[in-house]
Amino acid sequence: MKKHMMTLALATAMTTSGAAQADISGDAVNIGVLTDMTGLYSAVGGAGAVTATEMAVEDFGGEVGGKPINIVSSDHQNRADIASSKAREWIDNEGVDVIVEMLNSSVAIAVQKLASSKGVVTINTGAGTTALTNEECAPLGIHYVYDTHALPVGTATAIVENGGENWYFITADYAFGQSLEKNTSEVVKANGGTVVGSVRHPLSTTDFSSYLIQAQSSGADVVALGNAGTDFTNAVRQAGEFGITDTQTLAGMLVFISDVHALGLETAQGLQYTSAWYWDQNDEARAFAERFLERTGSMPSMVQAGLYSAVTNYLKAIEETGTDEGKAVRAYFGETTMNDMFHKNATVAPNGRVIHDMYLLKVKSPSESERPWDYATVEGTIPGDKAFIPLSESTCSLLK
């Protein structure tokens, strides 16, 4: 579908004057939610991601510029080929204007590249690889919630400072895990620690015994889990069965509230992890979380909360520019500051990285928890300019 072209300056002026109707392609704004509906990350995104998107659209009033807002969704099954095929179908045949969520790094890289080549914005809220804003950056790609550089800046730094100097990695063998291990290793070494070894496992592994035995025999102070979702929770449970937590520190490099819920406080207590958001961090976050809980039965993950924020700000961009044309929308994001229940004073860098504060959390013991879903305390704040890769170190070609 051909987009109506309009510069950001002209669009803003027209919207401000109220003299022009919004220039919306196809007379509707179509949002595509591409996520893991049934696999190991489904509790992090999945149906809850669609709910978060629906809530954002409803809260916006169901229309923008006098045009309706439609939502389509699909399960990418954690496969880049399936995701790319669906993204192409949405863009070419269904007039989808933005693709959000993604959740899997290989999926996110493939879809960001495809969509940008077709003039369509992508807002990744779930995938973690830093490649999205480095070697795989794209003109219309936005990386919204977290990445594998920001996670260890909080968690690994805290663990090394508390005496966990020698690290061994059990890592998911695809783009996300590889990026997380690399970035965490850099933080460990920068803080005076060492990496004594690593082993990689396939996605959706159920038996971690051989990997845990290798980690145990390494003699490392810290066994770092460079995975997520059910891979992470399976590894944590089996580590307890092997007695690893009795003699070594288990470090979760990407932990979601759904993981803590699945493990239970008895198993997860004391775990430190870095997050972009926690449902109980302030009144605004609690208000959104309670509404989400009523609709889904679960508290939102940082991915689902970030998606609500991303969709809301995407619709604001259309409202302010007067168009859903990709370049104008992306330009607006680059010139605005975002303040909402998810983040404060957040900005979008030229490489697509959203810069906002991150938080170091610690899981409570059962006796410390006062009510359902009261799972963690905020131990510290990592300023955005410290959490994410500086532009001076970015390898994104858009910066040249």
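**Exercise 1. In this predicted model, find which strands α5 lies across, and describe the sheet to which they belong.**

Solution. Start with the helix: α5 lies across β11, β14 and β15, and its direction runs at about 155 degrees to β11. Next, take the strands themselves, three of which form an open sheet in the order β11-β14-β15 with antiparallel pairing. The strands at the edges are β11 (272–275) and β15 (376–382), and because each has a single partner strand, one side of each is left without a neighbour in the sheet. From one strand to the next, the twist averages 30 degrees. Finally, look at one pairing in detail: β14 (residues 358–363) and β15 run antiparallel and are joined by six bridges, and Leu 361 has Val 378 in β15 as its bridge partner.

**Exercise 2. Work out how α5 is oriented against α6, and which residues of the two helices meet.**

Solution. Two packed helices are described by the angle between their axes and the distance between the axes. For α5 (residues 150–161) and α6 (residues 175–190), the angle is about 45 degrees and the axes are 9 Å apart. That angle makes α5 oblique to α6. The crossing in which α5 passes α6 is right-handed. Turning to the side chains and backbone in contact, α5 contributes Leu 151, Pro 152, Val 153, Ala 156, Thr 157 and Val 160, which meet Leu 180, Asn 183, Thr 184, Val 187 and Val 188 of α6. Sorted by class, this contact of α5 with α6 holds eight nonpolar and three polar residues, with no charged ones.

**Exercise 3. Apply the same steps to α3 and α4: what is their angle, and which residues meet?**

Solution. Helix α3 (residues 80–93) packs with helix α4 (residues 105–117) at an angle of about 30 degrees, the axes being 9 Å apart. An angle under 35 degrees counts as roughly parallel, and α3 and α4 are therefore roughly parallel to each other. Here α3 passes α4 in a right-handed crossing. On the α3 side the residues are Ala 80, Ala 83, Ser 84, Ala 87, Arg 88 and Ile 91, and they meet Ser 106, Val 107, Ala 110, Val 111, Leu 114 and Ala 115 in α4. The contact of α3 with α4 divides into nine nonpolar residues, two polar and one charged.

**Exercise 4. Decide how α13 and α14 are placed relative to each other, and classify the residues of their contact.**

Solution. The axes of α13 (residues 302–321) and α14 (residues 326–335) are 9 Å apart and form an angle of about 110 degrees. This makes α13 roughly perpendicular to α14. From α13, the contact takes Ala 310, Asn 313, Tyr 314, Lys 316, Ala 317, Ile 318, Glu 320 and Thr 321, while α14 supplies Ala 328, Val 329, Tyr 332 and Phe 333. The contact of α13 with α14 thus sorts into eight nonpolar, two polar and two charged residues.

**Exercise 5. Establish whether the residues of β9 are buried or exposed, and trace the bridges of this strand.**

Solution. Strand β9 (residues 222–226) is mostly covered, with five of its five residues buried. Taken face by face, Val 222, Ala 224 and Gly 226 are buried on one side, and Val 223 and Leu 225 are buried on the other. Five bridges join β7 (residues 166–172) to β9, and these strands run parallel; Ile 170 has Leu 225 in β9 as its bridge partner. Four bridges join β9 to β10 (residues 249–252), again with the strands running parallel, and the partner of Leu 225 in β10 is Gly 252.

Definitions and conventions:
Residues numbered from 1 in each chain as written. Predicted model: local features only at pLDDT ≥ 70, side-chain atom pairs only at ≥ 80, totals over all residues. Heavy atoms only, no water. Axes fitted to C-alpha atoms, helices over the stretch in contact; angles between N-to-C directions. Parallel < 35°, antiparallel > 145°, perpendicular 65-115°, else oblique. Left-handed = near helix turned anticlockwise from the far one by under 90°. Contact = heavy atoms within 4.5 Å. Nonpolar A, V, L, I, M, F, W, Y, C, P; charged D, E, K, R; others polar. Pairing = 2+ DSSP bridges. Buried < 20%, exposed > 50% of the residue type's maximum accessible area, 1.4 Å probe, protein only.
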